[in-house]
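Please walk through this protein one part at a time, with the structure open beside the text. The path begins with a strand and its sheet, goes on to some helices, and ends with charged side chains.

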Amino acid sequence: MAAGERAEEPLAELSHYVVARPIYSEAGFQEENERRTPLPPTLRERAQAACRCSRKRAFQIAKSFLPILEWLPNYRVKEWLISDVISGVSTGLVATLQGLAYALLVAVPVGYGLYSAFFPILTYFFLGTSRHISVGPFPVVSLMVGSVVLSMAPDDNFLIDGSNATGTNGTGTLIDTESRDAQRVLIASTLTFLVGILQVIFGVLQIGFIVRYLADPLVGGFTTAAAFQVLVSQLKIVLNVSTKNYNGVLSIIYTLIETFEKIGTTNIADLIAGLLTIFVCMVVKEINDRFKHKIPIPIPIEVIVTIVATGISYAADLEKKYNAGIVKSIPRGFLPPEPPDVSLFSQMIAASFSIAIVAYAIAVSVGKVYATKYDYAIDGNQEFIAFGFSNIFSGAFSCFVATTALSRTAVQESTGGKTQVAGIISAGIVLISIVALGKLLEPLQKSVLAAVVIANLKGMFMQVFDVPRLWRQNKVDAMIWVFTCVASIILGLDLGLLAGLLFGLLTVVLRVVEPEGVKILKFSSPIFYANIDGLKSSLKSTVGFDAVKVYNKRLKALRKIQKLIKKGKLKATKNGIISEPGINNEAFETDEDPEDNEDLQVPTKEVEIQVDWNSELPVKVNIPKVPIHSLILDFGAVTFLDIVAVRSIKTIIREFERIDVRVYFASYQDNLISQLERSAFFDDIVRKDIFFLTVHDAVLYIRNQMTYSDNQDPIFEKLEVAFGPLYLIVAEGVPFDASVILLLEPLYTF
């Protein structure tokens, strides 16, 4: 090619491609393509396969349940050990402080935060699939646990006479703090145990996919709202202002109002210590971020501030001189394991479900980031099992729910952590704090711990700047973010998360562009006896009417019109139903009028008529409008149907067919047809030609059918009327249904 000569453009016909194929229903596809059904193994073969075992297979099963067997034998001691030790020590120091701080969110004595930073790591080390996350408390999850604790064990439940008091709430009312704290610890550990059970169940049932429904905008809005909730809960600790413990809807507003009403009682020593801690921590964290490529190890500012603040508090005796709120007591050593209070399960089951999902979603989201960065995979279902057993184990030792913290995980990774060996070393540092160093932290002001929590919220608050970007990219995603955030602030974290999830799913439905007259409904789970009622409710809300009610109302209208025609007050023609001239039109009789059995003995004749059920009828029967002619059920994610579901779906098809709404199925899995055949689903009415390979196939088929029907002459039903000028009223384009004939059998002969 000569210099400067342009390269030839690719041929136009090679720059794109077109795929053409027929519209495939199940019946049409099977007609063109022979299905070869593999011979199922015999019972003996299945038993032999299940019982056969080899060393290789046993090791594979063991590795799937204990991922440590996969990565530990490949551990590079010379390359990784030093890095893991340095990372583990750094992370352990941060974990110790954060454990103390996050215990304030759970409303339990701070010493129990150390247990929560220690025990979960021991189990996750063997069961977890992420090599980089730091397991332990997280502010959002800790606050959700604290909401349950405060709602089930409020201060008002522990009011006592002054002679028996072990503490006060700062307003003159005496509270038995020992009993209160013991009950709160029991509630928190029982909740942790229940969360662990749910997570193990989710993992065993292989439903790790549930986290897919927590979209990034939803998680962003939720965690930002949680950060605001955490800020408000810690504000009163920084100010050392005593308020009631509010929970539920608008609790954050009530807490803010009471906090500012009592702001005059602020402890200046605690306020100054808290503000200085927030300022110093945020400045140093900014330095760590700006110069992370030049600083080999991030400055552990939380640890430094804690040591300095503890020394100042001890030297200046801030508790006695300025009435500062200090930690006071951190137990040394471990408590014996305690069983959960099973009687409390019923009161916390709803909250434990949302906590289990949120804790898992946070951990998996963080784990996937580092797994992608370092080119390895994490198993979502195994993570459910790992965190489940970690929470069951730690719940027996008076801990609260564990997940991972973004800042702590960042420290573990940025300081060179390669595997969970760094995690187990960080647990060793926490162990030293529990056994030996806890007493040294007793003079520490609680406002400093609260300030450390607030300083760690910066990353979550910065998510607010995602909203303008989301608005430019996708306005619906921005609305999900804002709605979830506002709902979580106003309603509380558990109800807010549920509201955000429902809103997000609703926007998915609204963003689906449906052809006129067609509704598409997607199911994302197996359908069986436990959720079939929910399916029916979703179906009614999606289409906007009740098919059975519509059918019954149409029958009632037919009977009313038939009666009025017999009485000569209405006349039926090809153009519809009209009133006889000169006759008082009593067609608009109420539904409650008694039936008139008078036989008018008028000669029989045949007539062709049509009725549009969506137009006004000359009878006072309120017939719901049916704005659709086709319903597509997207079964792409339906893995199985039980016999109850099969019968119910067949009933649904018949109910819609009676009111001239055709039901189609699309994107079904291959084994579903076999299940339906075994359940005697198909017959002369329900055939395989209503099943289509894709939703697009179904939509194209419906469009073709509607185009064909629009080009045909209207179809009229001809019937001999037995009782004089009695005329059958038929919906436009709808063949008369056999079930209607049976119900009206005494009135007609054919």
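**A strand and its sheet**

Strand E10 is mostly covered, since 4 of its 5 residues are buried. The model in view is a predicted one. E10 covers residues 662-666, and it is part of an open sheet of 4 strands. Read across, the strand order is E5-E9-E10-E11, and the pairing is parallel. Which strands form the edges of this sheet? They are E5 and E11, each of which pairs on one side only.

Now look at the two neighbours of E10 in that order. With E9, E10 pairs in the parallel sense over 5 bridges. One residue pair to find here is Ser-630 and its bridge partner in E10, Arg-662. With E11, E10 is joined by 2 bridges, and these two strands also run parallel. In this pairing, Ala-666 stands opposite Phe-692 of E11.

Helices pack on the sheet as well. Helix H23, residues 532-543, touches E5 and E9, and its direction makes about 150° with that of E5. Helix H25, residues 643-658, touches E9 and E10, and its direction makes about 140° with that of E10.

**Helix H11 and its surroundings**

Next, find helix H11, which runs over residues 268-290. How far apart should the ends of its 23 residues be? At 1.5 Å a residue, the expected span is 33 Å; the end C-alpha atoms of H11 are 33 Å apart in the model, so the two values agree. The N-terminal end of H11 is capped by Asn-267, which has a side-chain oxygen 3.1 Å from the backbone nitrogen of Ala-269.

Several residues of H11 are buried, among them Ala-269, Asp-270, Ala-273, Gly-274, Thr-277 and Ile-278. Further along, Cys-281, Val-284, Lys-285 and Asn-288 are buried too. To read such a list, recall that an α-helix has 3.6 residues a turn, so residues three or four places apart point the same way. What covers the buried residues of H11? The cover includes helix H9 (216-239), helix H12 (301-316), helix H13 (318-322) and helix H18 (446-455).

One of these covering helices, H9, also holds Leu-231. Leu-231 counts as partly exposed because its relative accessible area is 26%. Leaving out residues up to four places away in sequence, Leu-231 touches Ile-454, Leu-457 and Phe-461. Leu-231 and Val-453 are 222 residues apart in sequence, but their C-alpha atoms are 8.2 Å apart in space.

**A buried serine**

Helix H15, residues 380-395, contains Ser-394. Is Ser-394 buried or exposed? Ser-394 counts as buried because its relative accessibility is 0%. Apart from neighbours within four places in sequence, Ser-394 is in contact with Phe-119, Pro-120, Thr-192 and Cys-399.

**Charged side chains**

The last stop is the salt bridges, of which the model has 20. To count, a side-chain nitrogen of Lys or Arg must lie within 4 Å of a carboxyl oxygen of Asp or Glu. Three pairs and one network are described here.

Start with Glu-70 and Lys-63, whose side chains meet in a salt bridge at 3.2 Å, N to O. Glu-70 is partly exposed, with a relative accessible area of 42%. Lys-63 is also partly exposed, at 23%.

The next pair leads back to the sheet. The side chains of Asp-634 and Lys-522 form a salt bridge at 3.7 Å, N to O. This pair links distant parts of the chain: Asp-634 is in strand E9 (residues 630-634), and Lys-522 is in strand E5 (residues 518-522), 112 residues apart. Asp-634 counts as buried, at 10% relative accessibility, whereas Lys-522 counts as partly exposed, at 49%.

In the third pair, Lys-688 and Glu-677 meet at 2.4 Å, N to O. Lys-688 sits in the loop between helix H26 (670-678) and strand E11 (691-692), while Glu-677 is in helix H26, 11 residues apart. Lys-688 is partly exposed, with a relative accessible area of 26%, and Glu-677 counts as partly exposed at 41%. Elsewhere, salt bridges with shared partners join Asp-155, Arg-180, Asp-181 and Arg-184 into one network.

Technical notes: Residues numbered from 1 in each chain as written. Predicted model: local features only at pLDDT ≥ 70, side-chain atom pairs only at ≥ 80, totals over all residues. Heavy atoms only, no water. Buried < 20%, exposed > 50% of the residue type's maximum accessible area, 1.4 Å probe, protein only. Pairing = 2+ DSSP bridges. Contact = heavy atoms within 4.5 Å. Axes fitted to C-alpha atoms, helices over the stretch in contact; angles between N-to-C directions. Expected span 1.5 Å × (residues − 1). Polar contact = N/O pair within 3.5 Å; in protein donor to acceptor, adjacent residues only side chain to side chain.
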